[in-house]
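User: I'm new to protein structures and I'd like to learn how to read one. Could you walk me through it?

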Amino acid sequence: MSFSLYSSAGSAGSAGSAGSAGSAGSAGSAGSAGSAGSAGSAMTNHAGGPNNTLISSAVALALEGVLPSAPSPIDAVTPVTSGPDALERMNPIFRRLIYLEHLNADVTVAGTPAPAPSDATKTVSNGTVALNGAAVFDLFGPVEGTVFDAQADAVIRAKDLRGDRLAEIVLQQSDVLSFYGGLLQLNGISQPWALELLRSVLEAAMSVVAQIKYAVPVARPIDLMRDAAPVIQTPQHSTMPSGHAAEGFAGAYVLSRLAGHSDADTLSEANLFMRMATRIAENRTVAGVHFPMDSMAGACLGITLGRIYAAKLGIAGLPAAAEGFSVDATKFGNQDFTAPAFDTVVNTTAATPSGLAWLTRTAPLTLPAATDELKDLRSRAEKDLAL
């Protein structure tokens with residue numbers, strides 16, 4: 001019995017597929033009646049839209065026919081201004097770069113091999129985030145040991161949630177703002193500046209994360225255990241800290257503060273923005289691409305960056321003595337990353353909290369002053385959100 005990839009029934013179907021392409025075209029033919037209007041839309045291309053050779057040639061010819069042959073005197077020049085007012089008229093891509101520069105000004109990352117605080121005989125990767133030269137976040141990443149065995153159990157347990165979380169996991173690979181938009185109106189038309197602010201915060205946080213991942217190379221679950229069986233492609237950079245956790249918590253902190261919540265209310269387990277950030281971070285373990293300890297480290301970094309960015313945006317009511325975090329991931333056990341667990345981490349007052357041997361609270365941060373550019377962005381965002 002012979003076998004063909006293309007059965008006779010399939011051949012008939014392939015003819016149908018050609019027809020389906022035609023049916024798409026027939027829908028388009030209805031639009032051809034509007035082709036006269038397309039000339040109108042094309043007219044805007046040279047007035048803020050993309051370049052077009054035909055339009056440029058036509059405009060140049062028309063100008064030659066309209067302008068006098070003799071050169072006209074130069075009109076009075078309106079001075080080009082700088083500062084926040086100029087940013088409103090700037091190309092959005094360049095404007096975002098200005099905001100990123102202000103958000104991460106004086107924030108530096110350094111990485112060196114160093115002895116683990118828990119074991120002076122073992123060298124681990126160490127990364128430090130500093131503000132104006134003062135450490136605000138330290139991370140010691142494990143290179144071997146039983147910590148991976150303990151964390152592997154949490155990754156396996158999390159697989160049970162994949163049936164419920166798969167749609168979230170896939171979308172959150174490239175979009176977390178939509179999930180915050182379910183808690184607070186975020187629309188590109190009616191809230192453009194609020195979105196500009198949040199995107200700037202997320203990108204600024206991710207810039208810091210990329211540097212500390214480079215400084216602290218730690219293996220991913222799939223590198224150590226086949227049972228991780230990730231349902232999405234595992235990123236090729238270090239597992240620690242989780243970028244989704246860091247940017248998620250930085251964004252959630254700033255958004256919650258913009259929405260009028262105090263620092264204490266923002267860091268409460270009941271805060272919806274924080275709960276969403278926690279779920280986004282959890283989903284990375286459910287997906288099989290992160291250990292829970294990655295999310296805990298990322299969340300600590302995110303809160304630290306969120307406070308720094310909130311200060312630069314001029315958000316009032318920041319704590320006078322917010323402490324930083326030192327995370328020794330060589331001491332993690334089988335602890336999972338959950339909202340109650342993180343609530344304990346951020347709200348403890350002990351230098352080395354009981355039951356959290358991996359965490360040390362560092363000296364209080366000296367939060368930076370606000371910049372005019374970022375204060376202006378915050379003011380526009382607050383108007384967008386009617387706050």
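Analyst: Sure, let's take the overall picture, then a helix, and then some charged pairs.

User: How far can I trust it, and where should I be careful?

Analyst: Keep in mind that this is a predicted model. Where pLDDT is low, don't read the coordinates in detail. Here the mean pLDDT is 83, and 81% of the residues reach 70 or more. Residues 1-43 are the stretch to be careful with: pLDDT stays under 50 there, and the model has one contact beyond four places in sequence for them.

User: What is the protein built from, and what share of it is buried?

Analyst: There are 16 helices and five strands. Of the 387 residues, 44% are buried.

User: How do I read a single helix, say α6? What does it pack against?

Analyst: Start with its length. Helix α6 covers residues 146-158 and reaches 19 Å from its first C-alpha to its last, close to the 18 Å expected. Then look at what is tucked away: the buried residues of α6 include V147, F148 and V155. These buried residues of α6 pack against α7, α10, α13 and α14.

User: What about salt bridges? How many are there?

Analyst: Side chains of opposite charge can pair when their charged atoms come close. This structure holds twelve salt bridges. In one of them, the side chains of R96 and E196 meet at 3.7 Å, N to O. R96 sits in helix α5 and E196 in helix α9, so the pair ties together parts that are 100 residues apart in sequence.

User: Are R96 and E196 buried or exposed?

Analyst: The cut-off for buried is under 20% relative accessible area. R96 is buried at 16%, and E196 is buried too, at 7%.

User: Which other salt bridge links distant parts of the chain?

Analyst: Try D336 and R157, whose side chains meet at 3.8 Å, N to O. D336 is in the loop between β4 and α15, while R157 is in helix α6, 179 residues apart. D336 is partly exposed, with a relative accessible area of 32%, and R157 is partly exposed at 40%.

User: And what does a salt bridge inside one helix look like?

Analyst: Residues three or four places apart in an α-helix point the same way, because there are 3.6 residues a turn. K375 and D372 form a salt bridge, and both lie in helix α16, three residues apart, about one turn of the helix. K375 is partly exposed at 36% relative accessibility, whereas D372 is exposed at 51%.

Technical notes. Residues are numbered from 1 along each chain as its sequence is written. This is a predicted model: local features need pLDDT of at least 70, side-chain atom pairs count only at pLDDT 80 or more; totals for chains, interfaces and linings use all residues. Side-chain values use heavy atoms; hydrogens and water are left out. pLDDT is the predictor's confidence in each residue, from 0 to 100. Contact means heavy atoms within 4.5 Å. Helices (H or I, at least four residues) and strands (E, at least two) are DSSP runs, numbered from the N terminus. The expected span of a helix is 1.5 Å times one less than its number of residues. Buried means under 20% relative accessible area, exposed over 50%, partly exposed in between (1.4 Å probe, protein chains only). A salt bridge is a side-chain nitrogen of Lys or Arg within 4 Å of a carboxyl oxygen of Asp or Glu.
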